[in-house]
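Open the model in your viewer and keep the selection panel at hand. Each stop below says what to pick and what to look for.

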Amino acid sequence: FHESGHVRQHNYPSTKDKEDYSEFDSKGSDLLKQQAAEFDADVFGINFFCDHLFFIMDNNWDKNPMRSIIKTRKEFLIISVYSLLLFFYLSNSDEQIYNAKKKHPHPIVRLDYCAIYIMEKCLSNGIIENSKEFSKLMQEAIWDFDATLSYHFGLPDNSLYYERFKHPDVYRSKVIITEYVAKDKSLNSNRPYDLALRY
């Protein structure tokens, strides 16, 4: 879904004469602008994924084989958030959080940015009633993720990883990249789109 977001970015009229990569090419490009495109594709992917997830949960869920494992939309959401936590942890290969010379924003910054949009989708779809309820869901996902860090990765002190989310460069990066998102008319965030699933 993230890569589909890149394809839609390239469908903007001013980009049609360029080669249509699903992943951005860094040759001669403004890398912060590319980081903004990654943020934008993350949000597009979240919107698409959540619409897909909620459609599955709302349509014939009783007949779905996954129903024996996952009973509620909240459980499905916790598993999805856990997957996102694990994906961004595995992508975490750079000690420096703010780096304007990288093609992708730091995974911790992306995860922090994505959490806001996941919460918004949950609120608008009636999965949760408020941000406190979302925090509880996040805590459940983090509890499972924390067990994974200890058991599978053998981290002696998981709190060192979580402390990185409080680093001032996380906020700084979000502010700088969000400014780029606001300026680029080719990004999905600045072009209305409807991902409602119709079958």
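**Stop 1: helix 2**

Select helix 2: 20 of its 28 residues are buried, so this helix is largely enclosed by the rest of the structure. Keep in mind that the model is predicted. Put a distance between the end C-alpha atoms of helix 2. It reads 40 Å, close to the 40 Å expected at 1.5 Å a residue.

Now go to the N-terminal end of helix 2. Aspartate 30 caps it, with a side-chain oxygen 3.0 Å from the backbone nitrogen of leucine 32. Then jump past the other end. Asparagine 60 follows helix 2 and has a positive phi, near 55°.

**Stop 2: the largest nonpolar core**

Which residues touch the most other members of the largest nonpolar core? Select Leu77, Val81, Ile118 and Cys122; the core has 39 residues. Colour by element next. Helix 2 (31-58), helix 3 (73-90), helix 4 (107-124), helix 5 (131-153) and helix 7 (168-183) each give two or more residues to this core. Helix 2 gives the most, nine residues.

Centre on valine 81. Beyond its neighbours within four places in sequence, valine 81 is in contact with Ile118, Met138 and Ala141.

**Stop 3: helix 3**

Select helix 3. Its end C-alpha atoms are 26 Å apart, which agrees with the 26 Å that its 18 residues should span at 1.5 Å a residue. Show the side chains of its buried residues: Phe76, Leu77, Ile78, Ser80, Val81, Leu85, Phe88 and Tyr89. What do the buried residues of helix 3 pack against? Display helix 2, helix 4, helix 5 and helix 6 (159-163) to see the partners.

**Stop 4: the loop between helix 3 and helix 4**

Start at serine 91, which lies in the loop between helix 3 and helix 4. Serine 91 counts as partly exposed, at 29% relative accessibility. Draw a line from its C-alpha to that of isoleucine 108: the two are 17 residues apart along the chain and separated by 9.2 Å.

Move on to histidine 106, also placed in the loop between helix 3 and helix 4. Is histidine 106 buried or exposed? Its relative accessibility is 5%, so histidine 106 counts as buried. Look at the polar atoms of its side chain. One lies 2.6 Å from the backbone oxygen of aspartate 94. The backbone nitrogen of isoleucine 108 lies 3.1 Å from a polar atom of the histidine 106 side chain. Now expand the selection. Leaving aside neighbours within four places in sequence, histidine 106 is in contact with Asn92, Asp94, Gln96, Ile97 and Arg164.

**Stop 5: lysine 174**

Select lysine 174, in helix 7. With 17% relative accessibility, lysine 174 counts as buried. Follow the side chain to its polar contact: the side chain of aspartate 112, at 2.5 Å. Show what else surrounds it. Not counting residues up to four places away in sequence, lysine 174 touches Phe39, Val109, Asp112, Tyr113 and Ile116.

**Stop 6: aromatic rings**

Stay with tyrosine 113 and add tyrosine 117. Both lie in helix 4, four residues apart, about one turn of the helix. The structure holds 13 aromatic pairs. Tyrosine 113 and tyrosine 117 form one that is tilted, 5.3 Å centre to centre with 50° between the planes. Switch to a surface view of the two residues. Tyrosine 113 counts as buried, at 6% relative accessibility, whereas tyrosine 117 is partly exposed, at 25%.

Then pick Tyr89, Phe145, Phe153, Tyr161, Tyr162 and Phe165 together. These residues form one aromatic cluster.

**Stop 7: the cysteines**

How many disulfides are there? The count comes to zero. Select cysteine 114 to see why: the closest cysteine sulfur, in cysteine 50, is 10 Å from its own, too far for a bond. Cysteine 114 is also buried, at 1% relative accessibility.

Finish at cysteine 122. The nearest cysteine sulfur is that of cysteine 50, 5.8 Å away, and cysteine 122 is in no disulfide. Cysteine 122 is buried, with a relative accessible area of 0%. You met it at the core, among the four residues that touch the most other members.

Notes: Residues numbered from 1 in each chain as written. Predicted model: local features only at pLDDT ≥ 70, side-chain atom pairs only at ≥ 80, totals over all residues. Heavy atoms only, no water. Core = buried A, V, L, I, M, F, W, Y, C linked by side-chain atoms within 4.5 Å. Buried < 20%, exposed > 50% of the residue type's maximum accessible area, 1.4 Å probe, protein only. Contact = heavy atoms within 4.5 Å. Polar contact = N/O pair within 3.5 Å; in protein donor to acceptor, adjacent residues only side chain to side chain. Disulfide = S-S within 2.5 Å. Expected span 1.5 Å × (residues − 1). Phe/Tyr/Trp six-rings, centres within 6.5 Å; stacked < 30°, edge-to-face > 60°.
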